[in-house]
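Okay, everyone, thanks for coming. I'll put the sequence and the structure up on the screen, and then walk you through a few spots.

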Amino acid sequence: MTFSRIESGIPGLDKLLGGGFIEDSVILVTGETGTGKTIFCSQFLWHGLKKGETCIFITLEEDPEEIKEDIKVFNWNFDKYEKKGLFRIIYHDPAQVNNLGSLIIDEIKNLKAKRLVIDSTSLIGLSIQDISQIRKLLFNTINVIKKNKCTALITAEIPEGAKGLSKFGVEEFIVDGVLVLNYLEYAAGGLDRSLIIRKLRRTDHGKDIYPIDITSKGIVVKPVE
Ligand SMILES: Nc1ncnc2c1ncn2[C@@H]1O[C@H](COP(=O)(O)OP(=O)(O)OP(=O)(O)O)[C@@H](O)[C@H]1O
Ligand SMILES: [Mg+2]
């Protein structure tokens with residue numbers, strides 16, 4: 001069976017994903033601090049905007065203006081699309097996550113959004129401590145996104161030096177795919193950024209540790225030498 005795919009916007013990645021993300025799937029982009037999660041997600045949306053797809057960025061932490069300012073170094077001018085009504089960036093209070101699902105339904109319907117980002121789901125822990133409640137909320141949120149025909153990247157933080165894939169240890173189980181951003185140390189010395197496709201349902205995906213780079217044009221998967 002073949003599935004419709006949506007381009008990630010990250011040069012070199014789609015061929016490792018079996019042609020891109022499956023449409024209407026939800027992928028977790030996880031990693032320690034500073035590994036490039038927000039840049040990765042912004043690049044996914046920017047690619048969509050350039051293709052004429054409407055996009056939404058929900059931030060639970062950083063100020064929307066600051067996010068837009070940070071990514072201007074890559075020449076991604078989200079303001080232009082926001083003014084045209086093709087893009088929305090929304091700050092949502094992490095202390096009020098119980099209405100996250102209804103916010104998402106409204107926003108996707110209003111904009112007829114094709115791509116969505118939630119950055120970062122780890123903030124949900126500020127208002128809900130019970131892990132089973134967090135899992136339930138995330139599960140419902142993911143289902144809402146898929147039912148409304150949107151493809152989403154959601155981020156999670158891996159605490160520094162921790163072994164798991166996420167903050168609460170449940171996020172990775174309820175999504176369709178997991179991409180881990182990290183640092184790669186070479187035996188001969190030196191350090192690269194890296195990407196691992198840890199899970200991708202219904203896909204025979206690449207299984208290596210892939211060196212990546214953050215360039216003036218955003219994230220790229222480095223070609224194998
Ligand atoms: N123009 C650039 N060129 C190269 N690297 C950059 C550039 N801009 C940012 N970076 C790198 O990207 C990192 C920040 O990326 P990003 O904000 O996406 O990380 P994150 O995983 O979302 O971090 P956080 O834990 O703060 O959410 C910086 O620490 C820096 O190493
Ligand atoms: Mg970030």
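I'll take a helix, then some aromatic rings, then a cavity.

One thing before I start: this is a predicted model, so everything I quote is computed from it.

Let's begin with helix α1, which covers residues 37–50. How far apart should the ends of its 14 residues be, at 1.5 Å a residue? The expected span is 20 Å, and the end C-alpha atoms are 20 Å apart, so the two agree. Just after α1 comes Gly52, and its phi is positive, near 90°.

Now, is α1 buried or exposed? Twelve of its 14 residues are buried, so the rest of the structure largely encloses this helix. If you want to click through some of them, the buried ones include Phe40, Phe44, Trp46 and His47. Lys37 and Gln43 are on that buried list too. Remember that buried here means under 20% relative accessible area.

Hang on to Phe44 and Trp46, please, as both come back with the rings. For Phe44, look just above the ring: the charged end of Arg115 sits over it, 4.5 Å from the ring centre.

Trp46, meanwhile, belongs to an aromatic cluster together with Phe78, Tyr81 and Phe87. Across the model, the count is five aromatic pairs. Take Phe78 and Phe87: their ring centres are 4.7 Å apart and their planes are at 50°, so this pair counts as tilted. For that label, under 30 degrees would be stacked and over 60 would be edge-to-face. What about their accessibility? Phe78 is at 2% relative accessibility, so it counts as buried. Phe87 is also at 2%, and therefore buried as well.

Still in that cluster, Tyr81 has a lysine for company: Lys84 lies over the face of the Tyr81 ring, at 5.5 Å from the ring centre.

Last stop, the cavity. How many cavities of 30 Å³ or more does the model have? The count is one, and the space in it is about 30 Å³. Which residues line this cavity? They are Ile118, Thr121, Leu138, Thr141, Ile142, Ile145 and Ile154. Helix α5, residues 131–147, gives the most to that lining, with four residues. By type, the lining splits into five nonpolar residues and two polar ones, with no charged residues.

That's my tour, so let's go back to the screen and take questions.

Definitions and conventions: Residues are numbered from 1 along each chain as its sequence is written. Chains are lettered from A and ligands numbered from 1 in the order in which they are written. This is a predicted model: local features need pLDDT of at least 70, side-chain atom pairs count only at pLDDT 80 or more; totals for chains, interfaces and linings use all residues. Side-chain values use heavy atoms; hydrogens and water are left out. Helices (H or I, at least four residues) and strands (E, at least two) are DSSP runs, numbered from the N terminus. The expected span of a helix is 1.5 Å times one less than its number of residues. Buried means under 20% relative accessible area, exposed over 50%, partly exposed in between (1.4 Å probe, protein chains only). On a 1 Å grid over the protein atoms alone, a cavity is a set of points where a 1.4 Å probe fits but cannot get out, and a pocket is an open set with protein on both sides within 12 Å along at least five of seven lines; lining residues have an atom within 4 Å of a point. Grid points are joined across faces, edges and corners, and a volume is the space filled by probe spheres set on the points. Ala, Val, Leu, Ile, Met, Phe, Trp, Tyr, Cys and Pro count as nonpolar, Asp, Glu, Lys and Arg as charged, and the others, Gly among them, as polar. Rings of Phe, Tyr and Trp (its six-membered ring) pair if their centres lie within 6.5 Å; planes under 30 degrees apart count as stacked, over 60 as edge-to-face and the rest as tilted. A charge sits over a ring if NZ of Lys or CZ of Arg is within 6 Å of the ring centre and within 35 degrees of the ring normal.
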